[in-house]
Amino acid sequence: MSILESVLIVAALFMNIFLIGQYEGSMVRHLNWTTIGVICLIVGVFETTAMWAGYLLTRISFFSNSESEDLKCFCYFVAAVLFLLIAVYMIYKAICRTPIQERLREIGYRRIAQEVILVAVFTFMAGIGWGFIGHNIYMATGVVGCATMAAAVCGIYVGYSQGCRMRYAIYGIGGAMLAFVGVDILVRYL
């Protein structure tokens, strides 16, 4: 996996978490840094666990010990399809333009945990793709964990100060990046 592919994957995951933070930040009266710290902890734990779990799935001896070229091609194909599925979802969200109802309320940990779990499903799929492609999972998990925690803080702050502007463009850009990664894997490895 090239450095460009790795950066694009992490950037797309960053954008997903950023959008969750932006939505939540647009609805608060004032920022509470303790709450933001707890949110960073929730995001960091769920995202790193999901990335690690997806990677560990690919370490099953059937996949990791096989010398078959057909199985390797299949794994690359699965990785590309997973990235393309996430891209389609993000582009759909960009095109769909569901209205957002901004109203004042406190940040809810349960609501954020539910949204982060949904993004963690995508991170899990990215971990599977990362494992099939063959990349340093320790570095990847650390970078994903740090990037998503930073995304939560940035998103909450931007949402608090600017509201949910540019939401659909961010979805579209993130989806385009993952689509590029999926197509690049198909072209390069198959």
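Student: Which side chain does R188 meet in a salt bridge?

Tutor: Happy to start there, and keep in mind that this is a predicted model. A salt bridge asks for a side-chain nitrogen of Lys or Arg within 4 Å of a carboxyl oxygen of Asp or Glu. In this pair the N to O distance is 3.5 Å. The partner that R188 meets is D184.

Student: Where do R188 and D184 both lie?

Tutor: The two residues are four apart, about one turn of the helix. The element that holds both of them is helix α7.

Student: Is D184 buried or exposed?

Tutor: Buried means under 20% relative accessible area. D184 comes out at 16%, while its partner R188 has 44% and is partly exposed. By that cut-off, D184 counts as buried.

Student: How many salt bridges does the count come to?

Tutor: As a reminder of the chemistry, side chains of opposite charge can pair when their charged atoms come close. One such pair is R188 with D184, and E24 and R111 also meet in a salt bridge. By the distance rule, the count comes to two.

Student: How many residues apart in sequence are the parts that E24 and R111 tie together?

Tutor: Their side chains meet at 2.8 Å, N to O. E24 belongs to helix α1 and R111 to helix α5 (residues 109–133), so the pair links parts of the chain whose separation in sequence is 87 residues.

Student: What is the relative accessibility of E24?

Tutor: Let's take the two ends of this bridge in turn. R111 is partly exposed, with a relative accessible area of 22%. E24, on the other hand, counts as buried, and its relative accessibility is 2%.

Student: At what angle do helices α1 and α6 pack?

Tutor: Helix α1 covers residues 3–25 and helix α6 covers residues 137–162. Their axes are 6 Å apart, and the crossing is right-handed. The packing angle is about 35 degrees.

Student: How many nonpolar residues does the contact of α1 with α6 have?

Tutor: Sorting the contact by class gives six polar residues and no charged ones. The nonpolar class of this contact has 15.

Student: What separates the C-alpha atoms of M149 and I39?

Tutor: M149 lies in helix α6 and is partly exposed at 30% relative accessibility. Along the chain, M149 and I39 are 110 residues apart. In space, their C-alpha atoms are separated by 8.2 Å.

Student: And what separates the C-alpha atoms of G159 and Y92?

Tutor: G159 also lies in helix α6, and it is buried at 2% relative accessible area. G159 and Y92 are 67 residues apart along the chain. The separation of their C-alpha atoms is 22 Å.

Student: Which residue has a positive phi although it is not a glycine?

Tutor: Look in the loop between α6 and α7 (167–189). The residue there is exposed, with a relative accessible area of 59%. Its phi is about 65 degrees, and its name is M166.

Student: How much accessible area do F74, F77, V81, L85 and L190 have together?

Tutor: These residues form a nonpolar patch on the surface. One of them, F77, is found in helix α4 (residues 69–96) and counts as partly exposed at 41% relative accessibility. Taken together, the patch has an accessible area of about 450 Å².

Conventions: Residues numbered from 1 in each chain as written. Predicted model: local features only at pLDDT ≥ 70, side-chain atom pairs only at ≥ 80, totals over all residues. Heavy atoms only, no water. Patch = residues over 30% accessible without salt bridge, like charges linked within 9 Å, V, L, I, M, F, W, Y side chains within 5 Å. Areas by Shrake-Rupley, 256 points an atom, 1.4 Å probe, with all protein chains shown as cover. Buried < 20%, exposed > 50% of the residue type's maximum accessible area, 1.4 Å probe, protein only. Axes fitted to C-alpha atoms, helices over the stretch in contact; angles between N-to-C directions. Left-handed = near helix turned anticlockwise from the far one by under 90°. Nonpolar A, V, L, I, M, F, W, Y, C, P; charged D, E, K, R; others polar.
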